[in-house]
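Biologist: I am new to this structure and should be grateful for a close look at a single part of it. Please describe that part in its setting, and explain the reasoning where a conclusion is drawn.

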Amino acid sequence: MDPTLAVNLGLSILDSVLGEIAKLKAQHGLTGDQLAAMADTQDLDNLAAIKALLNPAPITQ
Amino acid sequence: MVTRKRFLLLFPLLFLLVSSCSQDPYTAAMAGSKDVSDAVSSAIPIVHQLQVDNLISQAQQNDVLGYLTKVTLANQDFRQTVKQLHSSIGTGPAPYLNAADVFLKAVQNQTIVNVPAKLQPYLNAVDAAIRGIEIAVSNAKGVPH
């Protein structure tokens with residue numbers, strides 16, 4: 001593998017991992033009630049997105 | 001590339017499992033439930049992209065979206081049960097483990113045939129997140145808050 005490509009890939013992975021750590025660290029301090037509220041919202045968003053994929057809006061001309 | 005994707009998808013779960021040691025069963029259960037919601041949320045855009053690229057059949061879409069709907073509804077039921085347990089019992093993990101087991105059994109019989117390769121790691125992450133709830137609750141030790 002090209003060394004530059006390898007370094008860029010490594011940095012990209014590191015960046016993603018650090019992002020995940022920051023996100024999870026923020027989530028880690030939350031209470032059960034706060035996590036439940038976040039999951040409630042996320043699930044409603046997920047169901048709406050799934051419904052939209054199952055019933056795509058008709059293309060208007 | 002596949003290894004990287006798998007790592008990025010499973011990393012949050014591994015972190016959750018390690019961090020759950022300092023959580024109480026209620027918080028661990030809710031964190032696990034949130035992790036399932038996040039995993040479903042990650043899979044949905046992939047289905048959409050496969051639709052746009054015409055790389056998924058109607059039958060596959062119905063299977064996958066049916067599965068994600070079932071997981072989401074079961075996850076909502078799980079949280080409802082956990083909330084009731086939290087308001088009515090002590091701190092022991094056993095009732096929460098039972099609730100997690102019900103959640104797992106509600107979705108484990110759903111089979112999806114011929115999943116597009118691009119989507120498989122995301123469905124694996126959903127499955128791992130659901131199974132991870134039991135482990136997270138088992139490892140929970142803290143006091144509820």
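Modeller: What follows is a description of one helix, its neighbours and a few residues around it.

The model is a predicted one. The part chosen is helix 5 of chain B, which covers residues 120-139. As a setting, chain B contains five helices and zero strands, so that its elements read α-α-α-α-α from the N terminus on. Chain B has 145 residues, of which 48% count as buried. Among the contacts in chain B with a separation of 6 or more, 83% join residues 24 or more positions apart.

Helix 5 of chain B itself comes next. Its 20 residues reach 28 Å from the first C-alpha to the last, close to the 28 Å expected at 1.5 Å a residue. The helix nevertheless has a kink of about 30 degrees, centred on Gly132(B). Gly132(B) is also one of the buried residues of helix 5 of chain B. The others in that buried set are Tyr122(B), Leu123(B), Ala125(B), Val126(B), Ala128(B), Ala129(B), Ile130(B), Ile133(B), Ala136(B) and Val137(B). Ile135(B) also lies in helix 5 of chain B. With a relative accessible area of 41%, Ile135(B) is partly exposed, because this class lies between the 20% limit for buried and the 50% limit for exposed. Ile135(B) and Ala29(B) are 106 residues apart in sequence, while their C-alpha atoms are 9.7 Å apart in space.

The partner to consider now is helix 2 of chain B, residues 25-52. The axes of helix 2 and helix 5 of chain B come within 9 Å and cross at roughly 180 degrees. Helix 2 of chain B is therefore roughly antiparallel to helix 5 of chain B, since angles over 145 degrees count as such. On the side of helix 2 of chain B, the residues in contact include Pro25(B), Ala28(B), Ala29(B), Gly32(B), Asp35(B), Val36(B), Ala39(B) and Ile46(B). On the side of helix 5 of chain B, the contact is made by Tyr122(B), Ala125(B), Val126(B), Ala129(B), Ile130(B), Ile133(B), Ala136(B) and Val137(B).

Asp35(B), a residue of helix 2 of chain B, deserves a separate word. Its relative accessibility is 10%, and Asp35(B) therefore counts as buried, the limit being under 20%. Between Asp35(B) and Ala125(B) there are 9.5 Å from C-alpha to C-alpha, although the two are 90 residues apart in sequence.

Helix 2 of chain B also packs against helix 2 of chain A, residues 32-54, with the axes 9 Å apart and at an angle of about 20 degrees. Because angles under 35 degrees count as roughly parallel, helix 2 of chain A and helix 2 of chain B are roughly parallel to each other. Their crossing is left-handed.

A further partner of helix 5 of chain B is helix 3 of chain B, residues 58-88. These two helices pack at an angle of about 20 degrees, with their axes 12 Å apart. This angle is under 35 degrees, and helix 3 of chain B is therefore roughly parallel to helix 5 of chain B. The crossing of helix 3 and helix 5 of chain B is left-handed. From helix 3 of chain B, Val64(B), Tyr67(B), Leu68(B), Val71(B) and Phe78(B) take part in the meeting. From helix 5 of chain B, the residues met are Leu123(B), Val126(B), Asp127(B), Ile130(B) and Ile133(B).

Gln60(B) is located in helix 3 of chain B. Gln60(B) is buried, because its relative accessible area of 15% is under 20%. Its C-alpha atom is separated by 6.8 Å from that of Val115(B), which is 55 residues away along the chain. Leaving aside residues up to four places away in sequence, Gln60(B) touches Leu55(B), Val113(B), Asn114(B), Val115(B) and Pro116(B).

The loop between helix 2 and helix 3 of chain B holds Asn54(B). Asn54(B) is exposed, because its relative accessible area of 70% is over 50%. Most residues other than glycine have a negative phi. Asn54(B), which is not a glycine, has a positive phi of about 55 degrees.

Note on methods:
Residues numbered from 1 in each chain as written. Chains lettered and ligands numbered in written order. Predicted model: local features only at pLDDT ≥ 70, side-chain atom pairs only at ≥ 80, totals over all residues. Heavy atoms only, no water. Helix = DSSP H or I, 4+ residues; strand = E, 2+ residues; numbered from the N terminus. Expected span 1.5 Å × (residues − 1). Bend = angle between axes of the 7 residues up to and from the residue. Buried < 20%, exposed > 50% of the residue type's maximum accessible area, 1.4 Å probe, protein only. Axes fitted to C-alpha atoms, helices over the stretch in contact; angles between N-to-C directions. Parallel < 35°, antiparallel > 145°, perpendicular 65-115°, else oblique. Left-handed = near helix turned anticlockwise from the far one by under 90°. Contact = heavy atoms within 4.5 Å.
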